[in-house]
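Work through the exercises below with the sequence and the model open. Each task is followed by a worked solution.

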Amino acid sequence: MTFKTKESRLLLILGSFFVANAILSEFIGVKLFSVEETLGIKKFDINLLGVPNLSFVMSAGVLTWPIIFIMTDIINEYFGVKQVRFLSVLTSILIAFAFLVVWGSMHLSAADFWVHQNINGEDLNMNNAFAGIFGQGMWIIVGSITAFIIGQLADVLIFHRIKKITGERALWLRATGSTLVSQLIDSFVVIFIAFYLNPQYHYIWKMVAAIGLVNYTYKFIVAILMTPILYVVHAIIDGYLGKDLAHKLIKMAGRG
């Protein structure tokens with residue numbers, strides 16, 4: 001197979017960005033950051049469901065999540081539900097493969113001269129740092145992969161249910177609406193598996209619900225803010241494909 005046609009090259013580009021950002025999200029997600037401090041504002045002190053001192057502490061994986069959101073809906077719009085499902089399953093397998101490779105690399109014997117290094121004036125054990133960054137626990141890995149695949153499958157299903165009602169109108173409704181529902185599922189599934197079912201933690205259901213709601217609030221706001229960008233990307237692709245080809249692909253995608 002060659003990528004000589006516009007639509008085949010487009011699918012390759014969109015699919016590559018989809019997979020790359022999903023895998024990146026898993027590995028940079030180990031870093032937690034304060035949204036309020038990053039924006040230079042005072043931390044929120046939220047008391048939710050009896051859980052005090054909550055604030056917007058997010059995984060760095062949210063940096064690539066908006067790109068995944070756009071890629072999912074654009075692929076869905078032009079190539080249909082089967083392509084998104086295929087890419088979602090493939091990405092889950094590749095994420096699992098990536099973690100397997102990382103696990104193997106962690107068990108390699110480190111070179112003596114590499115282990116102890118001075119970075120920014122601080123002595124670091126690079127082998128411990130490598131294990132700390134990349135050695136995510138099995139429960140977190142299982143939780144993130146499970147949440148990703150369930151969220152993606154829910155996204156494509158809701159996207160096409162809305163499209164059957166609205167037709168080709170109201171892209172914002174099917175794209176943002178499906179994302180809001182899928183991210184609601186994602187926000188709770190990953191926390192439930194990684195911290196509630198995980199015997200290393202002692203999270204009660206109220207803590208899972210409270211943290212999930214805070215995380216979802218952030219994703220809800222970002223999804224709304226990303227809607228105009230979705231239209232910009234849509235317009236760029238229409239310009240690349242041409243009006244007739246773009247309309248043809250969208251019509252074929254709507255048939256499932």
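The exercises concern a predicted model and go from the whole chain to its cores, helix pairs and single residues.

**Exercise 1. Describe the chain as a whole: its secondary structure elements, its extent and its share of buried residues.**

Solution. Start with the elements: there are ten helices and six strands in the chain. Next, take the C-alpha atoms along the principal axes; they fill a box of roughly 60 × 50 × 35 Å. Then turn to burial: of the 256 residues, 42% are buried. Finally, consider the contacts with a separation of 6 or more: 76% of them join residues 24 or more positions apart.

**Exercise 2. Determine which residues of the largest nonpolar core touch the most other members, and which elements supply at least two residues each.**

Solution. The largest nonpolar core has 44 residues, and those touching the most other members are Leu14, Phe18, Ile70, Ile74, Tyr78, Tyr218 and Ile237. At least two residues of this core come from each of α1 (6-28), β3 (51-54), α3 (65-79), α4 (81-106), α7 (138-166), α8 (171-196), α9 (205-241) and α10 (243-253). The element that gives the most is α9, with eleven residues. Take Ile74 as an example: beyond its neighbours within four places in sequence, Ile74 contacts Leu14, Leu230, Val233, His234 and Ile237. A second core, separate from this one, holds seven residues, among them Ile95, Ala98, Phe99 and Ile141.

**Exercise 3. Classify the packing of α1 against α4 and list the residues that meet.**

Solution. First the geometry: the axes of α1 and α4 are 10 Å apart, at an angle of about 40°. Angles under 35 degrees count as roughly parallel, and 65 to 115 as roughly perpendicular. The two helices α1 and α4 are therefore oblique to each other. Their crossing, α1 with α4, is right-handed.

Now the residues. From α1 come Leu11, Gly15, Phe18, Val19, Ala22, Ile23, Glu26 and Phe27, and from α4 come Gln83, Leu87, Ser88, Thr91, Leu94, Ile95, Ala98, Phe99 and Val102. By class, this contact of α1 with α4 comprises twelve nonpolar, four polar and one charged residue.

**Exercise 4. Decide whether α8 is roughly parallel or roughly antiparallel to α9.**

Solution. The axes of α8 and α9 cross at roughly 150° and come within 8 Å. Angles over 145 degrees count as roughly antiparallel, so α8 is roughly antiparallel to α9. The crossing of α8 and α9 is right-handed. The residues in the contact of α8 with α9 are 20 nonpolar, eight polar and two charged.

**Exercise 5. State whether Gly143 is buried or exposed and which residues are in contact with Gly143.**

Solution. Locate the residue first: Gly143 lies in helix α7. The relative accessible area of Gly143 is 0%, so Gly143 is buried. With neighbours within four places in sequence set aside, Gly143 contacts Val190 and Ile193. For a distance, use Asn118: Gly143 and Asn118 are 25 residues apart in sequence, and their C-alpha atoms are 35 Å apart in space.

**Exercise 6. Do the same for Thr72: buried or exposed, and touching which residues?**

Solution. Thr72 belongs to helix α3. With a relative accessible area of 1%, Thr72 falls under the 20% limit and is therefore buried. Leaving out residues up to four places away in sequence, Thr72 touches Phe18, Val84, Gln152 and Asp155.

Technical notes: Residues numbered from 1 in each chain as written. Predicted model: local features only at pLDDT ≥ 70, side-chain atom pairs only at ≥ 80, totals over all residues. Heavy atoms only, no water. Core = buried A, V, L, I, M, F, W, Y, C linked by side-chain atoms within 4.5 Å. Buried < 20%, exposed > 50% of the residue type's maximum accessible area, 1.4 Å probe, protein only. Helix = DSSP H or I, 4+ residues; strand = E, 2+ residues; numbered from the N terminus. Contact = heavy atoms within 4.5 Å. Axes fitted to C-alpha atoms, helices over the stretch in contact; angles between N-to-C directions. Left-handed = near helix turned anticlockwise from the far one by under 90°. Nonpolar A, V, L, I, M, F, W, Y, C, P; charged D, E, K, R; others polar.
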